[in-house]
Amino acid sequence: MRNFGIYVIVLLLPCLAHGDDGYEVIFSYIVSETSCSNVAKFQGLFELSISREYSGVAQQQYLAEVNEKSLINCPKEFVVALMDLNVVDKEAVLDHLGIVHPPWEIAQALKPLLEDEEVSGYIENELSGFFKIPAP
């Protein structure tokens with residue numbers, strides 16, 4: 001019987017070690033300023049939202065923070081990658097945007113792109129809400 005207890009503990013420890021809330025995995029997908037041109041990074045980042053694998057409240061916040069930091073780091077590349085998604089996938093990503101950073105910070109990152117013909121129309125049509133709340 002004593003061996004059975006040890007056996008159970010040995011089996012449960014790895015499960016407990018991997019029982020985190022996804023923080024490390026999610027935050028490993030932040031697209032840094034040095035990797036803006038890496039389209040695969042954005043695809044991996046967006047797949048986190050699209051998969052709906054992370055549905056807890058904390059996980060939703062982590063996804064939002066990672067999306068927002070990536071947008072702030074690489075605004076044009078983020079928007080271009082977002083534009084390439086189908087409507088359902090865009091909505092999944094947009095569900096995780098604008099939760100952690102105040103809207104004026106996101107607007108500040110997007111503002112220079114309003115002069116960019118490639119992305120300005122999409123920003124005006126889909127992301128204009130970030131411009132409606134001024135910084136305090």
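These are legends for a handful of close-up views of a predicted model.

**View 1. The whole chain, an all-in-a-row run of helices with the pattern α-α-α-α-α-α-α-α.** The protein chain has eight helices and zero strands. Of its 136 residues, 37% are buried. Take the contacts between residues at least 6 apart in sequence: 71% of these join residues at least 24 apart.

**View 2. Helices α3 and α4, packed against each other.** Here helix α3 (residues 39–51) meets helix α4 (residues 57–73), with axes 11 Å apart and an angle of about 150° between them. Since angles over 145 degrees count as roughly antiparallel, α3 is roughly antiparallel to α4. The two cross in a left-handed way. On the α3 side, the contact is made by Leu45, Phe46, Leu48 and Ser49. On the α4 side, Leu63, Val66, Asn67 and Ser70 do the job. Sort these contact residues by type and you get five nonpolar, three polar and no charged.

**View 3. Ser70, a buried serine in helix α4.** We stay on helix α4, where Ser70 sits. Its relative accessible area is 0%, so Ser70 is buried. Leaving aside residues up to four places away in sequence, Ser70 touches Tyr29, Ile30, Val31, Leu45 and Phe78. Leu45 also turns up, together with Ser70, among the residues that make the contact of α3 with α4.

**View 4. Glu65 and Lys69, a salt bridge within helix α4.** A search of the whole structure turns up four salt bridges, and this is one of them. The closest N and O atoms of Glu65 and Lys69 are 3.6 Å apart. Both residues belong to helix α4 and are four residues apart, about one turn of the helix. Lys69 has 30% relative accessibility, so this lysine counts as partly exposed. As for the pairing itself, side chains of opposite charge can pair when their charged atoms come close.

**View 5. Arg52 and Asp95, a salt bridge from loop to loop.** The side chains of Asp95 and Arg52 meet at 3.8 Å, N to O. This pair links distant parts of the chain, 43 residues apart. Asp95 is in the loop between α6 (87–94) and α7 (103–110), while Arg52 is in the loop between α3 and α4. Both ends are partly exposed: Asp95 has a relative accessible area of 42%, and Arg52 has 48%. While you're looking at Arg52, check its backbone too: phi is positive, about 60°, although Arg52 is not a glycine.

**View 6. Lys76, Asp116 and Glu118, joined in one salt-bridge network.** Start with the pair of Glu118 and Lys76, whose side chains meet in a salt bridge at 3.1 Å, N to O. Glu118 lies in the loop between α7 and α8, and Lys76 lies in helix α5 (residues 75–83), so the pair ties together parts that are 42 residues apart in sequence. Glu118 is partly exposed, with a relative accessible area of 47%. Lys76 is partly exposed as well, with a relative accessible area of 28%. Now bring in Asp116: salt bridges that share partners join Lys76, Asp116 and Glu118 into one network.

**View 7. Ser120, a buried residue in helix α8.** Helix α8 covers residues 120–126, and Ser120 is part of it. Buried means under 20% relative accessible area. Ser120 has 13% relative accessibility, so this serine counts as buried. Not counting residues up to four places away in sequence, Ser120 touches Leu113 and Leu114.

**View 8. Pro136 and Trp104, apart in sequence by 32 residues.** Pro136 belongs to the segment after α8. This proline has 90% relative accessibility and so counts as exposed. In space, Pro136 and Trp104 are 9.0 Å apart, C-alpha to C-alpha.

Terms used:
Residues numbered from 1 in each chain as written. Predicted model: local features only at pLDDT ≥ 70, side-chain atom pairs only at ≥ 80, totals over all residues. Heavy atoms only, no water. Buried < 20%, exposed > 50% of the residue type's maximum accessible area, 1.4 Å probe, protein only. Contact = heavy atoms within 4.5 Å. Axes fitted to C-alpha atoms, helices over the stretch in contact; angles between N-to-C directions. Parallel < 35°, antiparallel > 145°, perpendicular 65-115°, else oblique. Left-handed = near helix turned anticlockwise from the far one by under 90°. Nonpolar A, V, L, I, M, F, W, Y, C, P; charged D, E, K, R; others polar.
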